[in-house]
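User: Hey, got a minute to go through this one with me? I'd like to start with the domains and then poke at the backbone.

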Amino acid sequence: MNKFIVSPSPHAYTGESVPKLMYGVIISLLPALAVSVYYFGIGMIIVTTVSVASAILFEYLIQRYMMKVKPTHLDGSALLTGLLLAFCLPTNIPFWMVMIGALAAVGIGKMTFGGLGNNIFNPALVGRVFLFISFPVAMTAWPEPGQWMQYTDAVTGATPLGLMKEGLAVKTVGEIMPEIPSFLHLLIGKTMGSAGEVSALALLIGMLYMMYRKIISWHIPLTILGTVLVFTGILWLANPDRFADPLFHLLTGGLMLGAIYMATDYVTSPMTGRGMILYGVGIGIVTVLIRVFGAYPEGVQFAILIFNGFTPLINKFVKPKRFGKEVKHG
Amino acid sequence: MSLKTFSRGGVHPPEYKLSAGKTIVELPPPEVAVIPLSQHLGVPAKVLVNRGDQVKVGQMIAQAAGFVSTNIHSSVSGKVLKVDLFMDSSGYRKMAVQIQVEGDQWLETIDRSDDLVRNSVLPAEDIRKKILEAGIVGMGGATFPSHVKLTVPQGKTAEYLIINGVECEPYLTADHSLMMERTEELFSGIQLMMKGLGVEKAIIGIENNKPDAIEKMKQVVQGSSVTVQGLKVKYPQGGEKQLVQALLKREVPSGGLPIDVGVVVFNVGTALAVYDAVMKNRPLIDRVVTVTGKSLEKPSNFIVRIGTPISSLVEKAGGVPDDTAKVINGGPMMGKALPTLDIPIVKGSSGILLINKNEARRREVKPCIRCSKCVTVCPMGLEPYLLMTLSEKALYERMEPEKVMDCIECGSCSYTCPSSRPLLDYIRMGKAEVGKIMRARKAV
């Protein structure tokens, strides 16, 4: 007699898997990686390699020896965390600091909560903020683009957002703008900033690829960018001397990287379309508040971490639209 | 022609309609038929025959044991061997009548000719009575007794009859082949149902991957108040709530039935059974079954007597391929896996699907990464990830307000999960537990 497998339906599956999704995101990051290597050369290569290798190694070691579970270090998730961490660091940061950042990202950000799927905060951002607080000097020196062979010895300068923040203390926006790279340079990435955040264009290409592959939906990135556009637009219209124009805000700092890659992290973002919109609007508003009224030139990292914390609450109260209204049966 | 579809969720699994366009082949009666007494949703029928009795084709062998129950007729002629427990497609052993087939003697009252009978002078009441007598159930797989659906409850009115020709399950082509080969009879059956139900309007919904069926049905309904609507291919469009919403933009309320929005839905196979019952005096004793699978030699559409063992259908389609690891009664999304082939075809068997080794096993379950794909694809607007967690932790009382009872068990969530999580398994378990809680509350 034949022996058949008996299991409940469904009996068909998409063939989609966690590694396929993770590597899909990684592929979408390749344009931004290429631009950064082009502008920051060997520094970018060292920082990225160390970050990725450390994230994978720490995930393996923690799972193998501390959690005593089957390591999942090759599922693409640790690689992605390492890559995203490298993308939000300056390319002249000493390699041992990168390793500490990777340990904070994977160890504190992810594994203390139980590993993939359980963490509340985006691991890469946890790593970045950990470094930002621990090594404020190293984390705010930004190499000028075009120095291929310089690593820690690269000539540094201020980011556009930094110039704006400092300048506004004494000058008007109109007087600061000539010191800032042109919008074309900001778009292609010829500017100072974290390794992977410089090219808005490359990141937007990555976003389109992820949307095409249905890895992410439009909800989070477009509501964040839209909120920033509207909020800074209102401020700019109210007083163009005190507030930079919306295009400047969209193209500078970590906004694109944050909106497209950090805020869309599956684990730490809401589950429903309406929840994602609420989350995106919140991140947009807090980002602008920090940038314009806060002490730091850039606020997107804190905004995302704050709303990561709100995600469980959003999931609890923002439900999908159920099919059919309720009826009472007699 | 504009294509319609339902608005929320849905997936698009590969179609694999291997047996599409294959002419329906009639199989001879089996040597021994096993006819279960419970082939429908509701109370099992009450057996009327004893061991040793001689029966004819079409003879009633079990009677409806209540309003939500149906008559069962012998699909073969011969001698009753025994009335005993036999395994059916649920995998459980249930009461059935086993008949040793001798010849093919039909009741004289049955019109066996192929002549098309078009006009019926029967009043609505008699149409419903004939449907009740003939033991007709929903042929799409839900097997709900048809006479119940045709009896509109007090205080409700039926405005539309919807005929489900969607066949959104991958692989299955039984309904498609019926629409192609029995178009006229089908149309006549639809008109009888409209009369029985007292509605003026009927819509036949067909997915766009069957353009030939859409074309053919359109020709035959010309000049009548029956319309044909093409639908964008999307699973689970054949779910009646989804189909009603796709065609009429009306949402069946939570916990309600299509009649709550003035609609009654029947499968195309049911319409044909109604034609046979009313016009030909022929009870429901056979049906079209798709036998299919990627490794199967001859994927086919067969017309077979109820009670024929599944093994003989597979034999006729080229035999069981060596790599077969799973046999499904129905389609891959909602069908039931069978433990053996020694199980009879029943009124609700729309297809037999053989799945090979590579595709039969489930993949390793990984942690939920909260990608929200299950929420996106759920056609009922539920949160499968949350329902699974609640069910895993036995927090059943929290599942009811999360609308777990609205789940139609289409399997889109499990199908789409990148972590291969058994979402629907846990949701089903939760539904069973919540059902108990609700019944206990009602009893107090």
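Analyst: Sure. This is a predicted model, and in chain A the domain assignment gives domain 1 (18-134) and domain 2 (153-317).

User: How many Å apart are the C-alpha centres of those two domains of chain A?

Analyst: The centres of domain 1 and domain 2 of chain A are 21 Å apart. Their contact involves 32 residues from domain 1 of chain A and 30 residues from domain 2 of chain A.

User: Which helices of chain A supply the domain 1 side of that?

Analyst: Helix 1, helix 2 (77-87) and helix 4 (123-134) of chain A each put in at least two residues. Helix 1 of chain A has the largest share of that side, with 15 residues.

User: And how does that side of domain 1 split into nonpolar, polar and charged?

Analyst: The side of domain 1 of chain A touching domain 2 of chain A has 22 nonpolar residues, nine polar and one charged.

User: OK, switching to the contact between the chains. How many residues does each chain bring?

Analyst: Chain A brings 33 residues and chain B brings 57 residues. On the chain A side, the classes are 17 nonpolar, eleven polar and five charged.

User: What are the ipTM and pTM?

Analyst: The model has ipTM 0.91 and pTM 0.92. For chain B, the average pLDDT is 94, and 100% of the residues score at least 70.

User: Backbone oddities next. Where are the cis peptide bonds you'd point me to?

Analyst: One joins Ser9(A) and Pro10(A), with omega about 0°. Another runs from Tyr235(B) to Pro236(B), with omega near -5°. As background, most peptide bonds are trans.

User: Where do those two prolines sit, Pro10(A) and Pro236(B)?

Analyst: Pro10(A) is in the segment before helix 1 (18-66) of chain A. Pro236(B) is in the loop between strand 11 (226-231) and helix 6 (240-248) of chain B.

User: Which residues other than glycine have a positive phi in chain B?

Analyst: Among them are Glu167(B), with phi near 45°, and Arg370(B), with phi near 55°. Glu167(B) belongs to the loop between strand 9 (160-165) and helix 3 (174-181) of chain B. Arg370(B) belongs to the loop between helix 9 (357-360) and helix 10 (373-377) of chain B.

User: Is Glu167(B) buried or exposed, and why?

Analyst: Glu167(B) counts as buried because 33 other C-beta atoms lie within 10 Å, and the cut-off for buried is 20 or more.

User: Same question for Arg370(B): buried or exposed?

Analyst: Arg370(B) is buried too, with 22 other C-beta atoms within 10 Å.

User: Last topic, helix 4 of chain B. What's its reach from first C-alpha to last?

Analyst: Helix 4 of chain B (residues 183-197) has 15 residues and reaches 21 Å, close to the 21 Å expected at 1.5 Å a residue.

User: How many of the residues of helix 4 of chain B are buried?

Analyst: Twelve of the 15 are buried, so helix 4 of chain B is largely enclosed by the rest of the structure. The buried ones include Glu185(B), Phe187(B), Gln191(B), Met193(B) and Met194(B). Gly189(B) and Gly196(B) are also buried.

User: What follows helix 4 of chain B?

Analyst: Gly198(B) follows helix 4 of chain B, and its phi is positive, near 75°.

Notes. Residues are numbered from 1 along each chain as its sequence is written. Chains are lettered from A and ligands numbered from 1 in the order in which they are written. This is a predicted model: local features need pLDDT of at least 70, side-chain atom pairs count only at pLDDT 80 or more; totals for chains, interfaces and linings use all residues. Helices (H or I, at least four residues) and strands (E, at least two) are DSSP runs, numbered from the N terminus. Domain bounds come from an automatic or database domain assignment. Two residues are in contact if their C-beta atoms, placed from the backbone, lie within 7 Å. Ala, Val, Leu, Ile, Met, Phe, Trp, Tyr, Cys and Pro count as nonpolar, Asp, Glu, Lys and Arg as charged, and the others, Gly among them, as polar. The expected span of a helix is 1.5 Å times one less than its number of residues. pLDDT is the predictor's confidence in each residue, from 0 to 100.
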